[in-house]
Amino acid sequence: MRAARLIKMVLLLQSRPSMTAAELACELEVSERTVTRDAQALSEAGVPVYADRGRAGGYRLVGGYRTRLTGLHRGEAEALFLSGVPGALREMGLEDAASAAQLKVSAALLPSLRDASRTAAQRFHLDAPNWFKEPKTPALLPAVADAVWDDRRISARYRRGEDEVVRELEPYGLVLKAGVWYLCARVAGGSFRVYRIDRFTAVEPGAERFEREPEFDLPAFWEERAEQFARSILRARVVVRLSPDGVRGLPYALDSPTVREALADAEAPDGDGWVTVALPVESEEVAHTQLAALGPEVEVLAPEGLRERFAADAARLARLYRPEGGA
């Protein structure tokens, strides 16, 4: 434990001109007294750590000293490629590995490039979850992530409706979509499937590793399955008329990959500029909620039941906004 801390201290000093005892203590998560003892131990071991006295003092390396202890181990190298997603790293239990990897890279860079990580962080940040939703980290995510990194089979209990099923899985990859974690895995001896991590109730890593299919492409697999899922839930069909504002607002009201296709297949606008569109939807109930966001910019033509819902909504609104004393 102490050896790792001493190495980290050297790398910190190598990546910066100097650091105060308080700064080192904060980075190393130890007391300033421990920093003093560690600096003395490094000096006795031949590492030229020099302590500057006074208010502006601190610790620095003398004579351009550079350690060769910058090699990344596999876990650090893999975590480094995820370093732009700090929240995801924390949830998978990889934050420490990413921090060590970034520090080693920073220490290996030329002095003129050592601010690269800071300047990049000031120019790009990924915030994956949806607005106004508090993301919840699945308790079993770190265990699943470990199995993914290690290519290790798992035995998992999965909640499906009111029941639980047991699956022997080969975990290929993790996907974070709108704040929800998914596992792309192959059922032992079967096909690839997608599982929501928060529906796992137990995960037991197996003793055996599995051989990954070299042709497996996680981004391509996810894109295909996500589109299949989005289309599979569209089991109903509605016909609507849209004003020009309604046409512009439709992609925001219906989060569906088929909206653009429906608009592309629509007939030319009528004399008032309105467009008639046939839309695949999940159900009449869901379509009612989604299309209501367009207000008077949409008229439902079919099915009749959905049209009657909107007519009833319009009548209620008319009563609510009727001037006082009006008929």
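Rings of Phe, Tyr and Trp, the last represented by its six-membered ring, are taken to pair if their centres lie within 6.5 Å. On that basis, a search of the whole structure, which is a predicted model, finds 10 aromatic pairs. Ring pairs link Y172, F192, F210, F216 and F221 into a cluster, and this cluster offers a convenient way into the fold.

Within the cluster, the ring centres of F192 and F216 are 4.9 Å apart and their planes make 20 degrees; planes under 30 degrees apart count as stacked, so this pair is a stacked one. The two residues come from distant parts of the chain, 24 residues apart: F192 belongs to strand 6, while F216 sits in the loop between strand 7 and helix 9. Both F192 and F216 are buried. F216 also forms an aromatic pair with F221, with 5.5 Å from centre to centre and 45 degrees between the planes, and this pair is tilted. Like F216, F221 is buried.

The strand that carries F192 leads on to the sheet. Five strands make up an open, antiparallel sheet in the order 6-5-4-3-7. Its edges are strand 6 (192-196) and strand 7 (200-209), each of which pairs on one side only. On average, and with direction ignored, neighbouring strands of this sheet are turned by 45 degrees against each other. Strand 6 runs antiparallel to strand 5 (residues 180-187), and five bridges join the two. One of the residues involved is again F192, the bridge partner of R186. F192 thus has a backbone partner in R186 as well as a stacked ring partner in F216.

Two helices can be placed against these strands. Helix 9 (residues 218-232) packs on the sheet, where strand 4, strand 5 and strand 6 are touched, and its direction makes about 75 degrees with that of strand 6. Helix 8 (residues 141-150) lies across strand 3 (152-160), strand 4 (163-177), strand 5 and strand 7, and runs at about 70 degrees to strand 4.

What span should the 14 residues of helix 1 have? At 1.5 Å a residue, helix 1 (residues 2-15) should span 20 Å, and its end C-alpha atoms are indeed 20 Å apart, which agrees. The buried residues of helix 1 are R5, L6, M9, V10, L11, L12, L13, Q14 and S15. As general background, an α-helix has 3.6 residues a turn, so residues three or four places apart point the same way.

Terms used. Residues are numbered from 1 along each chain as its sequence is written. This is a predicted model: local features need pLDDT of at least 70, side-chain atom pairs count only at pLDDT 80 or more; totals for chains, interfaces and linings use all residues. Side-chain values use heavy atoms; hydrogens and water are left out. Helices (H or I, at least four residues) and strands (E, at least two) are DSSP runs, numbered from the N terminus. The expected span of a helix is 1.5 Å times one less than its number of residues. Buried means under 20% relative accessible area, exposed over 50%, partly exposed in between (1.4 Å probe, protein chains only). Two strands pair if DSSP finds at least two bridges between them. Axes are lines fitted to C-alpha atoms, for helices over the stretch in contact, and angles run from 0 to 180 degrees between N-to-C directions. Contact means heavy atoms within 4.5 Å. Rings of Phe, Tyr and Trp (its six-membered ring) pair if their centres lie within 6.5 Å; planes under 30 degrees apart count as stacked, over 60 as edge-to-face and the rest as tilted.
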